[in-house]
Amino acid sequence: MQLISIQYLRAIAAIMVLLSHVEFKIRRTTNYDLSLFQIGGYGVDLFFIISGFIICFSLNNKKRNIINFLKSRIKRVIPLYWFLTSAALVVYLIRPSLINSSGGETNILSSYFLLPSGHKFLIQNGWTLSFEFLFYFIAGLSLFFKKNKMFIQLAFMTALVLLGRVLKYDNSYFNFVTSPYLIEFQLGILAYILHRKYKFSLTIILTVFIISLASIIYLNFSPNSFTGYYKVWTRGFSMLGLFISILYMEPFFKPHKLLIEIGNSSYSLYLIHPFILVLCTLLFKKINFINGNGITQGLIMIILSIISGLVCYYKIEKKLVFS
């Protein structure tokens with residue numbers, strides 16, 4: 001069963017990430033202030049919560065075991081990622097400055113195998129996929145148990161995060177497996193448990209929505225209020241409120257073709273939009289539009305990225321994954 005609200009949330013998450021990267025590109029090339037768009041960085045937190053929720057559905061399949069579960073996840077994620085990473089590699093070999101122009105050493109091996117070595121990936125967005133696969137592995141391990149799979153996942157991730165808090169070992173791989181980002185997958189699992197067991201009135205749902213939105217706006221304009229471990233908690237719970245409130249609004253939603261399509265193509269949009277932003281920036285420089293109106297530049301980037309995401313989904317992703 002496909003929930004309209006989840007498709008909308010996937011679309012929102014992808015567009016949020018796009019907005020934050022558009023803001024970054026424009027801030028680096030012009031003096032135009034689009035700081036409101038920084039809020040888009042929270043799209044990553046929302047993606048992790050969505051993953052936690054969706055994987056709970058997947059694990060309910062009694063025919064699942066760790067092998068076929070991980071195979072299905074690899075088939076869903078890796079083909080398009082490797083395809084676009086290979087495209088980024090070609091660009092990197094021809095003109096390295098166009099890849100990870102914000103700085104940092106790019107590692108090709110880490111890029112392909114999503115290794116959290118501390119280096120940049122050819123598609124830097126891939127760092128989130130490293131966390132996705134860490135979560136998939138933990139979820140897969142829970143399949144060895146017949147009951148309480150979700151609680152086993154919650155307990156295991158809690159133990160890892162607490163281990164990181166206690167030991168504070170300075171190693172990129174240790175910091176990765178004990179990262180507080182695991183909390184956001186846990187929040188997705190908790191959302192699934194709530195959704196299965198409890199119903200809430202519209203008044204409560206709207207109250208949660210308003211409080212979450214207010215919290216997100218506050219955090220956007222006070223970016224230094226919380227850092228590190230506490231930053232993940234505040235962002236995670238703010239996006240959890242948004243996620244749950246929209247999820248519980250499911251009965252009120254009617255399918256909106258564009259939002260559903262963006263939701264379907266959210267993974268393609270997530271991976272391909274860095275290419276489009278680089279191409280747009282080069283084009284703006286070439287036609288001397290780099291000092292033009294930042295909003296106009298941003299809108300062009302957003303529209304072209306969404307179109308490219310849709311094209312990538314239908315022409316590449318579906319053929320690689322669903323063929």
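**Helix packing, pockets and a salt bridge**

Good morning. I begin with two helices: α1 and α10 pack with their axes 9 Å apart, at an angle of about 145 degrees. Please keep in mind throughout that this is a predicted model.

The crossing of these two helices, α1 and α10, is right-handed. On the side of α1, the contact is made by Ser-5, Ile-6, Leu-9, Ile-12 and Met-16. From α10 come Met-239, Phe-243, Ile-246 and Leu-247. What is the character of the residues in the contact of α1 with α10, by nonpolar, polar and charged? Eight are nonpolar, one is polar and none is charged.

I turn now to empty space. Rolling a probe the size of a water molecule over the atoms shows where such space is left. In this model, the largest pocket holds about 1,200 Å³ of space. Its lining has 43 residues, and those nearest the centre of the pocket are Ser-20, His-21, Phe-24, Gln-124 and Asn-125. Which helices each supply at least two residues of this lining? They are α1, α2, α3, α5, α9, α10 and α12. In sequence, α1 covers 4-29 and α10 covers 228-248, so both helices of the packed pair reappear here. By character, the lining of the largest pocket divides into 22 nonpolar, 14 polar and seven charged residues.

The second largest pocket contains about 960 Å³ of space. Of the 30 residues lining the second largest pocket, Arg-10, Ile-50, Ile-54, Arg-73 and Arg-76 are the closest to its centre. Here α1, α2, α3, α5 and α12 each give at least two residues to the lining. Which helix provides the largest share of the lining of the second largest pocket? That helix is α2, with nine residues. The lining of the second largest pocket comprises 17 nonpolar, eight polar and five charged residues.

Finally, I come to charged side chains. Side chains of opposite charge can pair when their charged atoms come close. How many salt bridges does a search of the whole structure find? The search finds four. One salt bridge joins the side chains of Glu-23 and Arg-27, at 2.8 Å from N to O. Glu-23 and Arg-27 are separated by about one helical turn, because they lie four residues apart in helix α1.

Thank you for your attention.

Conventions:
Residues numbered from 1 in each chain as written. Predicted model: local features only at pLDDT ≥ 70, side-chain atom pairs only at ≥ 80, totals over all residues. Heavy atoms only, no water. 1 Å grid on protein atoms, 1.4 Å probe; cavity = no way out; pocket = protein on both sides within 12 Å on 5 of 7 lines; lining within 4 Å. Points joined across faces, edges and corners; volume = space filled by probe spheres on them. Nonpolar A, V, L, I, M, F, W, Y, C, P; charged D, E, K, R; others polar. Axes fitted to C-alpha atoms, helices over the stretch in contact; angles between N-to-C directions. Left-handed = near helix turned anticlockwise from the far one by under 90°. Contact = heavy atoms within 4.5 Å.
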